[in-house]
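The following exercises are to be worked through with the sequence and the three-dimensional structure at hand. Each task is followed by a solution in steps.

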Amino acid sequence: MATRSDVKMVTGKINGQDVTVPAGTTILEAAREAGIEVPNLCYQPLLRPWGSCRICTVEILGKRGGLIESCATPLGEGMEVLTHSEPCIDARQFILQMYLIDHALDCPTCDKSGECYLQDNTYLHNVNTNPYRRPKFAQPYVHFSDIIDYKWDRCIMCNRCTRVCDEMIGVTAIESSYRGMDAAITPAFGQSLDDTACTRCGMCIAVCPVGALTDRHFAHHPWELDATETICGFCDVGCTISVESNKGIVRRVSHLWERGVNHGYTCEAGRWGHELLQNPDRIFYPYVRDEDGSVYEVTWDDAINTAAETLAHYQGDQFAAIASPDSTNEEVYALQLFTRAVMGTNNIDRMLTPSQRSVEMAVRAGLGDDVSNTNNMQELFTDVKAAMVVGPDIGKAAPVASYWFYHSRQYREAKTIVISMDDFPLCRRSEVWLNPKPGTTATLLSGIARAIIDKGLAKGGSDVTGYQQWLATIQNVSVAQVAAETGVAVANIEAAAILWASGGAGISADADSYPPALIYHTVAHQGSVSENDYYGDPAEIAAACNNLAFLTGNIGRAGGGVAAMRGPANYQGATQMGAHPSFLPGGASVESVADREAFGTAWLDRWAEKAKTRNGFLPVRSLPTSLGLSRDELIKAIDAGGVKAMVIDGTVAGRLQLIDPELGAALDKLEFLLVLDSFNSPLALKADMVLPKAATLEKDGTLTNFDRTVQRVRATVPAMGESKPVHDVIGMLSERMGYGFPVMPASQIMSEIGRLVPSYGGITYSRLERSGTVTPATSFADPGSPILVGGPDGRATLSLAYTAAV
Ligand code: FES
C-alpha cells in the first residue's frame, strides 16, 4: 500500500485516552481509531461530513467547549473530548425523540428492521417515551424504479443517499427536494429515476441508515440470512461483498463498509448480479449433443468416461484449450496443467476479445510483462495529484474504480483529464475533457507527449531503452497537426499536457520534479461498454499511455503508473496462472529448458506407469517444447484440421454472445468440443458435450484483480444442480486418464501454485482470510508489491522498452 508522507499529526484526549491522528481527522473518526464508538446516523465513511443528524454530539471540555457534532469537527491539538457524558446522552435522547415524532415505526414490516441505525440508537439511548405527541404524518411507498422504493415517513433526511450519488457515483440521480415538513428525497428534477443518469448501483439503498430507501427485489428480514464474505466476479476491480442467503438461495448482496479494495461500495453488477444464479439458462446437469443436434442429459460418470476416451485420441497438438479469464486462479491453473501435462501441448490461452489481445500485446512490449496496473488503485486515496482517464466510459468498464476518481477530486483536489468520445459524468466534472475524432486517440496522446516536451515537462525516460529513438519519432509530431487530425484545439491539448505532466501543479521554472500523475485506460473495453466503438488501435493507445508515463517519470512512483483495465474478473490471475501459449505459470517461458524442468519435475511424476496399459493413454514424459498457437494460428489450425478437439471454459461475458465471433465460427469445424459453462450460452450451444460449471458465488478459490491483489472467493451457496468448479472437472478427467491430479480443495491447488510460482510464494488461504495480498509476494513475510518499479533496486522490474505510438 502506498504510504503518505509529511502528514501533520495532532494529539487530543478522548474519554481520558490520548489519541494521535493526522490533522483534519474528525473527532468521530479519531474516536473510532481509539476503539470508542460514537453513535451516528448521517456519517458515512468516505463521504463528506454532513453534520445534520446531531446524534454524534460529544462534549468538548474547556472554556470554549460545549456540545458539538463529532462527525464534522476535527480533533484539535490538546482538545479534551467526552463522548458519553450526561449532557451528550441528554442531547441524543432529545434528538431521537424529535425523530420519532413522525417516524413510521412500522418496524415489523420494514426491511431494515434489525439493522436500522435509528432502531439501534433508540434502544441504545433507552428512548421509550416521547413527550412530543401528535398524529403522525404518513405517506405510502413511492416506487422510484423497478428496484428502489422510497418511504417518506421513515426518512430522516440525512442525505447519505444524495451525497453518495453525487460524491461517489458521480451522478445526481436523486436529490433532496422541498423544505420543512415537505422535505423529501426525489429523483432529480422530479423526473422518473429511469430518465436520470442513475447507474442502478443501489448505493443509495446501501447507505440509507433507516428503511427509507429499500430494495424492491428483497423481501426478508436480516436475521433470516446467513452472510458470507467473498469477491464479486463481474469485473477486474475485485470488490469485497457480503452475500446473504437463506435456504441455499442468495437473497441479497450487502456492503461491508471499509472492507476490501472497494471499501464497501459496489456497482449494479455487484449488488444485483447474484440474480443470475437463478437464471433459467443455468445448466444443471452434464449433457451431450448428438450429430443430429439432439441433447441428452448424462451422469457425471458417463460424461467423464466419454470425454476422457474421446480426448485420448487427440493428445498432442491436435488439442487446444481456452481458459476463462473470470474463472478462479485454481481453475485456470488446473486447466493449463491438464493441457500441458496430460494433453501434451502448449495450445492454451484465455478467451479474450480482439481489443483485450491488442492491449496485452502493447503492455508486454512496453512494460516487459502483462500487468494490468503498475500501481495500486488505493493510491487514489493517498498520493495521486493528477489523473488521465483514456477510452470508453470508465463508469461502465470499472464502476467502482471510477468512484475513486470522484473521491480523489473531492477530497484530495486531484486534477482530472478525460480523453473519451463518450460523454459520461467524469468528463463533465474534469478540468479538461478532450473528445477526439474516431480513431485518433493515440494521435492525440502523441500530441500531448509533444506538448509535454515542448513545455519542458519531460522529467523522466532518459534511462529507458529506446528513449532517444522515440524522441526522434515524436519530434516529427506537431501539435498543430495533431489538433487538425483529432479535432481537439491546440490550447486544449496543451492544457491537458501541462495539467497532467505537472501533477496538477502547473509549470514552475524551478521544479525538479512534479507531483505524481497516473493514467487509467479502458481501451480494452472498446466495442463492449461504449456506443463509440472506434477509439483507434487499442495497442497504439495502450503504448501511447505507457510512453507518457515514462516520459514524465511516473513509472515506479506512488500516485503514478499506468492501469490498463481489461474487464474479466481474473484477467490478471489467468495470465499469471499460465493460460498462455508462450508462458508457463508465473511468466516462465515454455521455451526455457530450466523453466520446463522446474514445472515438469512437479507435474509429470503424477503419471502412473500402469496408465499406459490400463487406460491406453500416453503418459507425457516431458513438457511440450514449442510455443502454443496464438489466437490467429488457432483459427487457421482448426480450419486446416490441425486442431481437432478443444476444451473451452465459458465466461460470464459470453453468456449472451460469443466473445470472439471469428474464433466461435471456427469451432464448428472441430471433431469434438467440450464446453464447461454455467449457462446455455452461444458457446455451449456449439458443444458436443457441456459440463455444468459452478458460478463464482458457488465455489472456493482466489481471484487476482487488476492491481494484482489476490483475494479469497468463498462458496456462498451450494452450486446449482450438479455444477462443479473447473478444477474438480479437471481432477475427474485427469484421474480417468491415469494422471494423478485428483479432485482436491482449492486451497491445496493454491499451495502447489505457491510452491511453483515465485510471485505467488507468499499467497496462502490463511493469509487471505483477513485481506488480499498484492503480487508479487514471494514469501509469507513479503508484504507484496503494490508498485512495480524499474531499475536494479526494484522489487519487480519492468523492461522499459518503448513502442512508438506515432
Ligand atoms: Fe454527526 Fe449525523 S453523524 S451529525
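**Exercise 1. Determine how strand S6 is joined to strand S7, and place both in their sheet.**

Step 1. Strand S7 (residues 148-151) runs antiparallel to S6, and 3 bridges join the two. Helices (H or I, at least four residues) and strands (E, at least two) are DSSP runs, numbered from the N terminus. Two strands count as paired if DSSP finds at least two bridges between them.

Step 2. Opposite His143 stands Asp149 in S7.

Step 3. The order S6-S7-S10 describes an open sheet of 3 strands with antiparallel pairing. Strand S6 (141-143) and strand S10 (213-215) each have a single partner strand, so one side of each is left without a neighbour in the sheet. On average, neighbouring strands of this sheet are turned by 30 degrees against each other, direction ignored. Axes are lines fitted to C-alpha atoms, for helices over the stretch in contact, and angles run from 0 to 180 degrees between N-to-C directions.

A note on the source: this is a predicted model, in which local features need pLDDT of at least 70 and side-chain atom pairs count only at pLDDT 80 or more, while totals for chains, interfaces and linings use all residues. Residues are numbered from 1 along each chain as its sequence is written, and side-chain values use heavy atoms, with hydrogens and water left out.

**Exercise 2. State which strands pair with S25, in which sense, and whether its two faces are covered or open.**

Step 1. S25 pairs with strand S14 (residues 287-289) in the antiparallel sense over 2 bridges. The bridge partner of Tyr287 in S25 is Val690.

Step 2. With strand S24 (residues 672-677), S25 pairs in the parallel sense over 4 bridges. Here Val690 is the bridge partner of Val675.

Step 3. In a regular strand, side chains alternate between the two faces of the sheet. In strand S25 (residues 689-692), Met689 and Leu691 lie on one side and Val690 and Pro692 on the other; all are buried, and both faces are covered. Buried means under 20% relative accessible area, exposed over 50%, and partly exposed in between (1.4 Å probe, protein chains only).

**Exercise 3. Trace the salt bridges around Arg364.**

Step 1. Glu360 and Arg364 meet through their side chains in a salt bridge (3.1 Å, N to O). A salt bridge is a side-chain nitrogen of Lys or Arg within 4 Å of a carboxyl oxygen of Asp or Glu.

Step 2. Both Glu360 and Arg364 lie in helix H9 (residues 354-367), 4 residues apart, about one turn of the helix. An α-helix has 3.6 residues a turn, so residues three or four places apart point the same way.

Step 3. Asp369 also meets Arg364 in a salt bridge, at 3.9 Å, N to O. Asp369 is partly exposed because its relative accessible area is 38%, whereas Glu360, at 6% relative accessibility, counts as buried.

Step 4. These residues belong to a network of salt bridges that links Asp349, Arg350, Arg357, Glu360, Arg364 and Asp369. The structure holds 39 salt bridges.

**Exercise 4. Describe the surroundings of Ser355 in helix H9.**

Step 1. Ser355 is buried, since its relative accessible area is 9%.

Step 2. Apart from its neighbours within four places in sequence, Ser355 is in contact (heavy atoms within 4.5 Å) with Val523, Ala524, Gln526 and Pro538.

Step 3. Arg566 is 211 residues from Ser355 in sequence, and the two are 9.0 Å apart in space, C-alpha to C-alpha.

**Exercise 5. Establish what covers helix H24 and which residue forms a salt bridge with Glu752.**

Step 1. In helix H24 (residues 746-756), the buried residues are Ala746, Ile749, Met750, Glu752, Ile753 and Gly754.

Step 2. Their cover includes helix H8 (329-342), helix H19 (593-604), strand S26 (701-704), helix H23 (726-736) and helix H25 (765-768).

Step 3. Glu752 is buried, with a relative accessible area of 5%. The salt bridge of Glu752 is with Arg606, the closest N and O atoms being 2.3 Å apart. Arg606 lies in the loop between H19 and helix H20 (611-614) and Glu752 in helix H24, so the pair ties together parts 146 residues apart in sequence.
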